[in-house]
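User: Please take a close look at a single part of this model and explain how its surroundings are arranged. I would like one connected account.

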Amino acid sequence: MTAYEFVVVANRLPVDRTVGDDGSEAWRTSPGGLVAALEPVMRAVDGAWVGWPGQPDVELEPFTEHGIRLVPITLSAQEVEEFYEGFANDTIWPLYHDVIAPPQYHREWWDAYVTVNRRFAEAAASAVKENGTVWVHDYQLQLVPEMVRSLRPDVTVGYFHHIPFPMHGLYAQLPWRDQVLRGLLGADVVGFQRPQDATYFLAAVRRRLKYDVKQATVAVPTPDGHRRVIAKAFPISIDTSPYLELIAKPEVQVRAAEIRHSLGNPKKILLGVDRLDYTKGIRHRIKAYGELLAEGRLNVEDVTFIQVASPSRERVDAYVHLRDEIELAVGRINGNTDTVGHSAIRYLHQAFPREEMVALYLAADVMLVTALRDGMNLVAKEYIATRADNRGALVLSEFTGAADELRQAVLVNPHDIEFLKDAIMTAVEMPPTEQSRRMRALRRRVLEHDVSAWSSSFLEALASSRSTRS
Ligand code: GDG
């Protein structure tokens, strides 16, 4: 195989397979921020992307799409169940989000995790050039850094963790806690969303492995001395350009006006946009809103709340239950408060094209981001990017990575329903001058610190770790 200077390893390839009416197959670049951030880097240095195409038992040779070399990894249906739905999404995901849902620990899931991580590592190790760079992404692949290092000691390895890292008291539950730490420490730089995540990781390394930790540097023992590993925060952001382009399009503006009109021209539109996930605090948000209506602090004739809950992980039990709970709560509130002409909550269990999402952001007077735990939360940043007129208000949970940066949002503890209700009222009633004062500062932050600033800062740290390597 041709070898590449820069290899990205992520659970998913940055493309989705589409099947046309005539049965023909094609690939469409998925519009994620990660692709946008890495595309320029990959083009500049000749890169490849190792990942799973998203369907079981698909065996594909490496291919090039939109100028990116793609190296597909095959997962069997059983591996999708045990590695992806099981260990990644039903063990690590709930544990790392502070046990909001109970993590399931199964030894056969762990075995599948090790097997699949090795497959990714082997593909990356054979795709990368001598002295090249491998950048591994996220919690599905925590063992890959160490596996790549042992296969290819010449290579520089980076790892970025997109979700939170839990405090030691919770992390210690993981039956394979030491193996996972060793897996991550195979990287030269381990990046996290918040300084707090890096602190928890370093504390776990110190306590469990007894390695020497000084500030952000871990000394990992090797047969001939030690290796230095840097662990620190690199808060991720969005590619702002497609958002700025879309809000300037007349058809998107017309669509935003149409949305407001179709809701009966409410005085205020509230919006939530999330994958349907128990970490996102959708139930808390609905409860608070329902109580505001019941108490008469909000009136269904004046406000509408649109909740987009895009389908996610639908084969994992916790997600099936969550969907039932949310739909029950929405049905109750609408049943109790709707009038013939006005609906309290427009609940959309659907995924929409980005144009429609931007029209929704444009239409929304108040954005509700009430996650109970979230690595960053890009929705908050996307909403801000679309507010070119500096109007609108963001209610933002303290438990998101975004809250570290977006201090001018209306910050809230979503567990405290009274506080959440007051925060929603503050946002609904915020005078335009106050909206504008806050939004200016928020926009400055998001536009300056975009996803390319994020990837550059990570890659600079990785390059300097290489130059100081002993
Ligand atoms: C993980 C971490 C971290 C959602 N529904 C639709 C749609 N989306 C898009 C949003 C946004 C993205 O999905 C969701 O990103 P978030 O950051 O909000 O959350 P996670 O999916 O949990 O992402 C998170 C992130 O990784 C990056 O490091 O911030 O903390 O959990 O871009 O707009 N997009 C479209 N239709 C939908 O229906 N087009």
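Analyst: In this predicted model, Asn377 is a buried residue, with a relative accessible area of 7%. Because burial is taken here as a relative accessible area under 20%, the value of 7% places Asn377 in the buried class. Asn377 belongs to the loop that runs between strand S16 (366–369) and helix H13 (378–386).

The side chain of Asn377 has two polar partners to describe. One is the side chain of Asp374, with which the Asn377 side chain makes a polar contact at 2.8 Å. The other is the backbone nitrogen of Ala380, which the side chain of Asn377 reaches at 2.9 Å. When neighbours within four places in sequence are set aside, Asn377 is in contact with Lys280, Val369, Thr400 and Ala402.

Asp374 leads from this loop to the ligand. An N or O atom in the side chain of Asp374 lies 2.5 Å from an oxygen atom of the ligand, and the Asp374 side chain is also the one in polar contact with Asn377. A polar backbone atom of Gly375 is 3.0 Å from an oxygen atom of the ligand. On its own the ligand exposes 730 Å², and 80% of that area is buried by the protein. At a nitrogen atom of the ligand, a backbone N or O atom of Phe352 stands at 2.6 Å.

The shell around the ligand comprises 21 residues, of which His162, Phe352, Asp374, Leu378 and Glu382 come nearest. Helix H13 and helix H12 (354–363) each supply at least two residues of this shell. Helix H13 is also the helix that bounds the loop of Asn377.

For wider context, the model also contains an open sheet of ten strands with mixed pairing, in the order S5-S6-S4-S1-S7-S8-S9-S12-S11-S10. Strand S5 (63–65) and strand S10 (212–214) form its edges, each pairing on one side only. From one strand to the next, the twist averages 25°. Within this sheet, strand S9 (residues 189–192) and strand S12 (residues 225–233) pair in the parallel sense over four bridges, and Gly191 stands opposite Lys232 in S12. Helix H4 (residues 144–151) lies across strand S7 (128–137), strand S8 (156–160) and S12, and runs at about 175° to S8.

To return to the part examined, Asn377 is buried and its side chain makes polar contacts with the side chain of Asp374 and the backbone nitrogen of Ala380.

Definitions and conventions: Residues numbered from 1 in each chain as written. Predicted model: local features only at pLDDT ≥ 70, side-chain atom pairs only at ≥ 80, totals over all residues. Heavy atoms only, no water. Pairing = 2+ DSSP bridges. Axes fitted to C-alpha atoms, helices over the stretch in contact; angles between N-to-C directions. Contact = heavy atoms within 4.5 Å. Buried < 20%, exposed > 50% of the residue type's maximum accessible area, 1.4 Å probe, protein only. Polar contact = N/O pair within 3.5 Å; in protein donor to acceptor, adjacent residues only side chain to side chain. Near = heavy atom within 4 Å. Areas by Shrake-Rupley, 256 points an atom, 1.4 Å probe, with all protein chains shown as cover.
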